[in-house]
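Subject: Handing over the model with its ligand

Dear colleague,

I am passing on to you the structure that follows, and below it I have set out what came out of the analysis. Please read the notes with the coordinates open beside them.

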Amino acid sequence: MSPVATGWHCAVCGAKVSIGEVFSWRCPNSSESDRHHLLELENSIAPLRSNGDPNPFVAFQRYLAWDAFAAALGIEVDERTKMIRDLDDSVAQVAGTGFRFTPFSRHDRLSAELGFAANGGVWIKDETGNVAGSQKARHLFTELLHLVAVEQVGRAPWASRAERPALAIASCGNAAIAASTLARALEWKIKVFVPEHADEPTLKILRSLDADAVRCPRSSTDPPGDPCVFRFREAVAAGAIPFGVQGPENAWCLDGGRTIGWEMAVIAEDLPGSLISRMFVQAGGGAFVTCAAAGFFAGATKPKIHAVQTEGCAPLARAFDRAEQTGGARNAGPRWSQCMWPWEATPVSLADGILDDETYDWIGACNAMADSGGSPVVASEELVRESFAIAHRVTDIDVSPTGAAGLAGLLAKRHEIADDERVVVIFSGVRRQ
Ligand SMILES: Cc1ncc(COP(=O)(O)O)c(C=O)c1O
Ligand SMILES: [Zn+2]
């Protein structure tokens, strides 16, 4: 079975990039002064089938852009599978687990709690047991595979492991932990740009993984936006490898992130009775909702996508409205400056993992909502607290407030949802204390 991805194109300027291009992190027209570009994948996946392997990167290997990339570099299919397995083994040594299908099923108690009928209900996708405790490592694994493939065929510009440039990421939470876990698996140096007041439990984990955490205070000389992202971009300009979970900074994060959606899609396809009608996904930078939706849509069902933000930081909901008013929420990339800009107020919420000043992957998120007849949801802080409380009272999943924030979106919309609808929430990250 051959790979399905054929190339990339920029959702903003239309530039094309071939699938075999090495280090194709960003659109060729993206620059220091103009980051408003985003590479999107060209592929057609039909029908979506798992090959039954417990590792999702093997089960869905041929749908990965990475598989097409590595094939274009001349690596044979069995060798490609072996590369996934070897890297997964290395990750498992650090993380205590490799990549496996994560649980996805109807939660009877939560469904009853929210008043759903027996033929409707709430399906929970539980990412808390994923590598590094959240969905983030899924996005990063295809970036790491890309680097490993380039090294394997001798196309890396560095002469030895010792001369590898450092990896770099801007994050204070799960993405930083996931990136540092994956970097550690290959003993690759990593710089993590964290906010000035990053929390101690996260810093402790980063230190234990040998990551170099760099604090980034807000500076009056910076433009509006996240100082961690500015310092990250400076590091990349100076030669570091972008190793984050924001599509405009490294489009390869949008490849592996889809495994979560594919896992749900193959189960949803076999459900007797009615289809899954909606999926609620908490959105910070927006790569997660983009990928979960793209993955799900590759199957037979297209649930309405609801990207969930909190009232303390909702630039995506604003962008969706702006896009609708300026020509439509679909393919709004060329209207970036009209639609998406950093949230003006200091973002605050109990769900502190989704407080990105900007929804970097707003184009994919808006496309997913527009394509499915979905919409953004801005949950009140009260519902964020309630969703966290309900999650802990009704399920035994040790989810964080951020990880349960999709449920806050469901609570906000519940009155519009019929009792026999089937809906999905993703418990995306484990609680850390
Ligand atoms: C647990 C958890 N869920 C969801 C998200 C949101 O993902 P994204 O930033 O890709 O929108 C994050 C991001 O930090 C997270 O940590
Ligand atoms: Zn472009």
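To begin with a pair of helices, the axes of α3 (residues 77-95) and α6 come within 8 Å and cross at roughly 115°, and the crossing of these two helices is right-handed. Please keep in mind throughout that this is a predicted model. On the side of α3 the contact is made by S90, V91, Q93, V94 and A95, while α6 contributes T181, L182, R184 and A185. Sorted by class, the residues in this contact of α3 with α6 are five nonpolar, three polar and one charged.

Helix α6 (174-185) appears again around the ligand, since both α6 and α11 (287-297) supply at least two residues each to the shell around ligand 1. Of these elements and any others, α11 gives the most to that shell, with three residues. There are 21 residues around ligand 1, and those that come nearest are G284, G285, F288, S428 and G429. By class, the shell holds seven nonpolar residues, 13 polar ones and one that is charged.

Where does ligand 1 lie with respect to the two domains? Residues of the shell come both from domain 1 (5-94 + 136-254) and from domain 2 (104-134 + 257-427), and therefore ligand 1 lies between them.

The domain assignment of the protein chain gives each of these domains as two segments, 5-94 and 136-254 for domain 1, and 104-134 and 257-427 for domain 2. Their C-alpha centres lie 23 Å apart, and 30 residues of domain 1 are in contact with 31 residues of domain 2. On the side of domain 1 that touches domain 2, the elements giving two or more residues are α1 (56-59), α5 (136-152), α6 and α9 (253-256). That side of domain 1 divides into 18 nonpolar, nine polar and three charged residues.

Finally, there is a sheet to note. This open sheet has three strands in the order β2-β1-β3, and the pairing is antiparallel. Its edge strands are β2 (16-18) and β3 (39-43), each of which pairs on one side only. On average, and with direction ignored, neighbouring strands of the sheet are turned by 30° against each other. Strand β1 (residues 5-10) is joined to β2 by three bridges, the two running antiparallel, and W8 stands opposite V17 in β2.

With best regards

Methods
Residues are numbered from 1 along each chain as its sequence is written. Chains are lettered from A and ligands numbered from 1 in the order in which they are written. This is a predicted model: local features need pLDDT of at least 70, side-chain atom pairs count only at pLDDT 80 or more; totals for chains, interfaces and linings use all residues. A residue is near a molecule or strand if its C-beta atom, placed from the backbone, lies within 6 Å of it. Helices (H or I, at least four residues) and strands (E, at least two) are DSSP runs, numbered from the N terminus. Ala, Val, Leu, Ile, Met, Phe, Trp, Tyr, Cys and Pro count as nonpolar, Asp, Glu, Lys and Arg as charged, and the others, Gly among them, as polar. Domain bounds come from an automatic or database domain assignment. Two residues are in contact if their C-beta atoms, placed from the backbone, lie within 7 Å. Axes are lines fitted to C-alpha atoms, for helices over the stretch in contact, and angles run from 0 to 180 degrees between N-to-C directions. A crossing is left-handed if the near helix is turned anticlockwise from the far one by less than a right angle, and right-handed if clockwise. Two strands pair if DSSP finds at least two bridges between them.
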